[in-house]
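Please work through the following exercises with the model in view. Each task is followed by a solution in short steps.

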Amino acid sequence: MSEDAHGTWRPETLAVRAGYDPASASNAAKPPIYMTSTFAYASARQAKDIHEAYFDGTGPEVGRPGHIYTRLGHPGLDMVEQRLAALDGAEAAAVFNSGMATHSAIALAHLRPGDSVVFSRPIYGGTNGLYTMMLPEFGISHAEFTDGCDRASVEATVEAALTKGPLKLIVVESPANPTAAIVDIAMVVGIAEAVGVRTGTRPLVVVDNTLLGPSMQRPIELGADLCMTSLTKYCGGHSDLMAGGVSGREALVAPLRLLRTTLGSHLDPYSAWLLLRSMETVHLRVERAMANALAVAEYLRDHPKVAGITYLGFLAEGTPQRAVYDRQCKAAGSTFSFAVVGGEAEAFRFLDRLRLLRFAVSLGGSETLITHPATTTHYAIRPEERAAGGITDATLRVSIGIEHVDDLIADLAQALEAI
Ligand SMILES: *Cc1c(COP(=O)(O)O)cnc(C)c1O
């Protein structure tokens, strides 16, 4: 593999080739799994040099593949990080054992008592717990906005946060889980820059890219400082592993890798290998899932038992959301939500009649999953906050998979009869 070619390869090619050099492993065409917890040093001198390179970033071992102990880093992690960075169009990436481990590391790396955070709502339940329940106990305050395409409302939220303490992070989930609410990433970056000029502290803009994943949205190209992704979802793609990643400039990513060593939240060798393999097919899987999702969304939109749908492809022309979507997203993805006519009782009757669609949390797998956010993924969020984010008792979130679309629609049709 010539590293030089990377500059011209397209994402589909990088997904298959980036990050692995057969010469590093007996010319094995595919990457081996390095099932080891520790690495033997070639000499006492090399041991010292490897530690110098790891902790100080200096000396002869910098840029060489030397490893120490699997919690600090291992070959599978190097490969998957290079591949993720290539897909995200970023200089570097760090991979963790879950999306939440990634969010937690970003928060712990950048927030100190007295600081404040701004985030968009709706936001993933785990991220909500981190910023509204755990971090306040460490003296970190937060402010939230719901209309991420409205400059005045984001600026007002930023001002509210600044009155509570130095603003260090702006965390944006776009599109948001489960309503597909859109945040104008470039606009938020501009607001962060203005805060930096005015206060001397430039907040970092972190985008949670989980709902679309690297094949459909590249936040780094839109100016985000860090792109966070739950790799459990589209990149893992088969609902059989957990992982999370963050990409950005090496200077921002390197401290997160060091912190991961302390937190012990590295991705293990076997999961790293599975993820590396899954990433090869992410574009194929996502394209098929998106084609299915469009057909399913069109079916649901016209169904009398469906009260509303928040599929990104249906954003009305001429709205600010549509303009941002067209600028920022390559496609509409395959996860969206819809509401049945009625409330919890009707939603439950519908769910219990489904035979092909699986009732389970998570998204981005090869199989179609459906969930009831108010009582599952967003259970721990207060009802008024759920409502502010557009989640009602009749809302259902679906992550469309790669099955035959006619089978999916037939199952939905028979279950909607139960309402
Ligand atoms: C799933 C998810 C996470 C958390 O990722 P895990 O891998 O489950 O820890 C974060 N953000 C969003 C938007 C998610 O959907």
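**Exercise 1: An aromatic cluster**

At 22% relative accessibility, Phe314 counts as partly exposed, the class between buried (under 20% relative accessible area) and exposed (over 50%), computed with a 1.4 Å probe on protein chains only. The model is predicted, so local features need pLDDT of at least 70 and side-chain atom pairs pLDDT 80 or more, while totals for chains, interfaces and linings use all residues. Residues are numbered from 1 along each chain as its sequence is written, and side-chain values use heavy atoms, without hydrogens or water.

Task. Determine which residues ring pairs link into a cluster with Phe314.

Solution.

Step 1. Begin with the total: the whole structure holds 6 aromatic pairs. Rings of Phe, Tyr and Trp (its six-membered ring) pair if their centres lie within 6.5 Å; planes under 30 degrees apart are stacked, over 60 edge-to-face, and the rest tilted.

Step 2. Phe314 pairs with Tyr311 in an edge-to-face arrangement, with 4.9 Å between the ring centres and 70° between the planes.

Step 3. Tyr311 also forms an edge-to-face pair with Phe336, at 5.4 Å centre to centre and 75° between the planes. This pair joins distant parts of the chain, 25 residues apart: Tyr311 lies in the loop between β8 (306–309) and α11 (320–328), and Phe336 belongs to strand β9 (residues 335–340). Such elements are DSSP runs numbered from the N terminus, helices being H or I of at least four residues and strands E of at least two.

Step 4. The cluster therefore consists of Tyr311, Phe314 and Phe336. Tyr311 is buried because its relative accessibility is 6%, and Phe336 is buried because its value is 1%.

**Exercise 2: Charges over rings**

Task. Identify the ring over which the charged end of Arg260 sits, and the ring whose face has Arg301 over it.

Solution.

Step 1. Apply the criterion: NZ of Lys or CZ of Arg must be within 6 Å of the ring centre and within 35 degrees of the ring normal.

Step 2. The charged end of Arg260 sits over the ring of Phe96, 5.6 Å from its centre.

Step 3. Arg301 lies over the face of Phe314, 4.1 Å from the ring centre. Phe314 is also a member of the cluster of Exercise 1.

**Exercise 3: Two pockets**

Task. Establish which helix gives the most to the lining of the largest pocket, and which element gives the largest share to the second largest.

Solution.

Step 1. On a 1 Å grid over the protein atoms alone, a pocket is an open set of points where a 1.4 Å probe fits, with protein on both sides within 12 Å along at least five of seven lines; lining residues have an atom within 4 Å of a point.

Step 2. Among the 48 residues lining the largest pocket, Arg64, Pro65, Gly66, His67 and Asp78 are the closest to its centre.

Step 3. At least two lining residues come from each of α2 (44–56), α3 (75–88), β1 (92–96) and α8 (250–263). The greatest contributor is α3, with 8 residues.

Step 4. The second largest pocket is lined by 20 residues, and Met100, Tyr124, Thr210, Ser230 and Lys233 lie closest to its centre. Two or more of its lining residues come from each of α4 (99–110) and β6 (226–230). The largest share, 3 residues, belongs to α4.

**Exercise 4: A loop residue**

Task. State where Ile402 is placed and whether Ile402 counts as buried or partly exposed.

Solution.

Step 1. Ile402 is in the loop between β12 (395–399) and α14 (405–416).

Step 2. Because its relative accessibility is 34%, Ile402 is partly exposed.

Step 3. For orientation, the C-alpha atoms of Ile402 and Arg349 are separated by 25 Å, and the two residues are 53 residues apart along the chain.
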